[in-house]
Amino acid sequence: MTLLSVQDLRVSFPRPSGGRVEVVRGLSFDLGRERLGIVGESGSGKSMTGRALMGLIAPPGRVTAQRMQFDGIDLTTLSEKDYRALRGARMSMVLQDPKFSLNPVIRIGDQIAEALEFHTSLSAAARRAKVRDALEAVRIDDPDRVARLFPHEVSGGMGQRVMIAMMVVLEPDLMIADEPTSALDVSVREQVLSIMDDLVRRRGMGLMLISHDLNMVARWCDRILVMFNGEVVEEIGPGALHAATHPYTRGLIASLPRLDEDRSELPVLDRAALARVGQEARP
Amino acid sequence: MIRVDDLTVRYGPSTVLHNVGFAVAQGESFALVGESGSGKSTILKALSGQVDDWSGQMTVGGQPVTRSRSRAQAAQVQMVFQDPYGSLHPRRTVDDALSEPLAIHGLPDRDARVLAMLDAVGLARRFRFRLPHQLSGGQRQRVAIARALMLSPKVLLLDEPTSALDVSVQAEILNLLKRLRAEQGLTFLLVTHDLPVVSFLCDRLAVLRAGRVVETADVAALRGRALTSDYGRELLARSEGMA
């Protein structure tokens, strides 16, 4: 079943010199209740894609699409009020850094409860119970204690789990995770990913995992879209990373050091050549 | 070149390094690996004189590290940090950043030295009077490396120098570091959590956990996945899991 259907998504911003620069150029994809990875480097447009879907691109930024449908709802014509009802409740976003994304002066439990307050008419006691369930779902052992803490009193890994708890407390259908593990230690990364994975499987959510880490995404996602310069240059099926054919994808894979490294120099992307390939491909 | 014996560091009531010891030969590249909180960055801080409460012995180039350092000692050991955004002054140009160490140490020919260094780290000369926000992350890290090399140090302390960079840019910076080390006979002490980076750039490594060295090994052991300590093997497994 298709949860999200996007056709020819474009995001542009004005240039100081006049005219507009397109940062996402004609993106099309369908997402079911599956894990879709979006991979690219800084400036590839991957985060802008996530923001556009959440309706979070403010003027003078401009979003256009031939089709942008979420569970039958047309997002291109949705009013801000209707978007607000959707955001947090049915589609939600996990950001990179818990240090900057949590409010430093509100207790964790209250921050998670805020979404419940906004979207539901539950009693305070019922909200507290939901908050406890959400914290338990992200494997926090003593949810009642953690709910009373402030964000600076928890570690980075726990902060990120709190963010995920905040996003899943209303059981959304779609979760967009933008670099959810980049600010975390390797040991905690696995844990956070497996929590998200578990939520996708148990609750049947669709997950869009946005990351620069090709290997991690290849391991966790059913499908991968590789973005370069605002366009999808390649779609990779499960376990087919090594069969990637586009020069950009191959260049990325080659430039990663390996554990049994014996190359004296790492190959570097030839950006000029890639830009030429891109221009020739465009009509 | 670097010798650390029985180094213990305390921050208030908590001890963050317990009797750490290792030695790095002249021209060698040595890695300290471990998770956040294992104390690996604290070792770099101690070696560069930024920690007050420590005991044990540390020598760099045969000279003991003391609580106050002479200019000559400071010039010998330079540092490159993880975040090129945070480590450059936002309102000083590239030229300012590179000239300042020369001014402090009273060295002549600033103009020629700055230009030569830009060439050495592969930055075009037209970037000389740019501000940090006008540079990409990779270019900024090149500036940070250039600044560290301005005083012709013998030792570079590298604290996660490529973790904040895109993979293709990481490859460029790693190549640069490897080339500079060969050209200038530098000794590297690299802090990282990324084992493949160690395989590429280093000769030996020490594995740290909770402020203690649990294993010191040759990089061949890392490449052959033959670390012997439990924790070293755990790190290996995790690294492979992510790959």
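**Inside and between the helices**

Let's start in a hidden spot: the lining of the second largest cavity has five nonpolar, no polar and two charged residues (Ala, Val, Leu, Ile, Met, Phe, Trp, Tyr, Cys and Pro count as nonpolar, Asp, Glu, Lys and Arg as charged, and the others, Gly among them, as polar). This is a predicted model, in which local features need pLDDT of at least 70 and side-chain atom pairs pLDDT 80 or more, while totals for chains, interfaces and linings use all residues. Residues are numbered from 1 along each chain as written, chains are lettered from A and ligands numbered from 1 in written order, and side-chain values use heavy atoms, without hydrogens or water.

Which residues line this second largest cavity? They are A:R35, A:L193, A:M196, A:D197, A:L207, A:L209 and A:W220. Together they surround about 40 Å³ of space. In chain A, α8 (186-203) and β9 (206-211) each supply at least two of the lining residues, and α8(A) gives the most, with three. Helices (H or I, at least four residues) and strands (E, at least two) are DSSP runs numbered from the N terminus. A cavity is a set of points on a 1 Å grid over the protein atoms alone where a 1.4 Å probe fits but cannot get out, and its lining residues have an atom within 4 Å of a point. Points are joined across faces, edges and corners, and the volume is the space filled by probe spheres set on them.

The whole structure holds three cavities of 30 Å³ or more. For the largest, with a volume of about 80 Å³, look at chain B. Its lining is made by B:L47, B:V60, B:Q63, B:P64, B:V65, B:R69, B:Q73, B:Q76 and B:V77, which divide into five nonpolar, three polar and one charged residues. Both β5 (63-64) and α2 (71-76) of chain B supply at least two residues of this lining.

Now back to α8(A), which also has a helix partner. Helix α7 (residues 156-168) of chain A packs against α8(A) at an angle of about 15°, with the axes 10 Å apart (axes are lines fitted to C-alpha atoms over the stretch in contact, and angles run from 0 to 180 degrees between N-to-C directions). The two helices α7(A) and α8(A) are therefore roughly parallel, the term for angles under 35 degrees; over 145 is roughly antiparallel, 65 to 115 roughly perpendicular and the rest oblique. From α7(A), A:G157, A:Q160, A:R161, A:I164 and A:V168 meet A:V188, A:Q191, A:V192, A:I195, A:M196, A:L199 and A:R203 in α8(A), where contact means heavy atoms within 4.5 Å. This contact divides into seven nonpolar, three polar and two charged residues. A:M196 thus turns up in this contact and in the lining of the second largest cavity.

How do α3(B) and α4(B) cross, by comparison? The axes of α3 (residues 94-104) and α4 (residues 110-120) of chain B come within 10 Å and cross at roughly 125°. That angle makes α3(B) oblique to α4(B). On the α3(B) side, B:V94, B:D95, B:L98, B:S99, B:L102 and B:A103 take part, and they meet B:R110, B:R113, B:V114 and B:L118 of α4(B). By class, that contact has six nonpolar, one polar and three charged residues.

Finally, two backbone details in chain A are worth finding on your screen. A cis peptide bond joins A:P59 and A:P60, with omega of about 10°. A:P60 sits in the loop between α1 (46-53) and β4 (62-64) of chain A. Further along, A:E171 has a phi near 50°, a positive value in a residue other than glycine. You will find A:E171 in the loop between α7 and β8 (174-178) of chain A.

Terms used. On a 1 Å grid over the protein atoms alone, a cavity is a set of points where a 1.4 Å probe fits but cannot get out, and a pocket is an open set with protein on both sides within 12 Å along at least five of seven lines; lining residues have an atom within 4 Å of a point.
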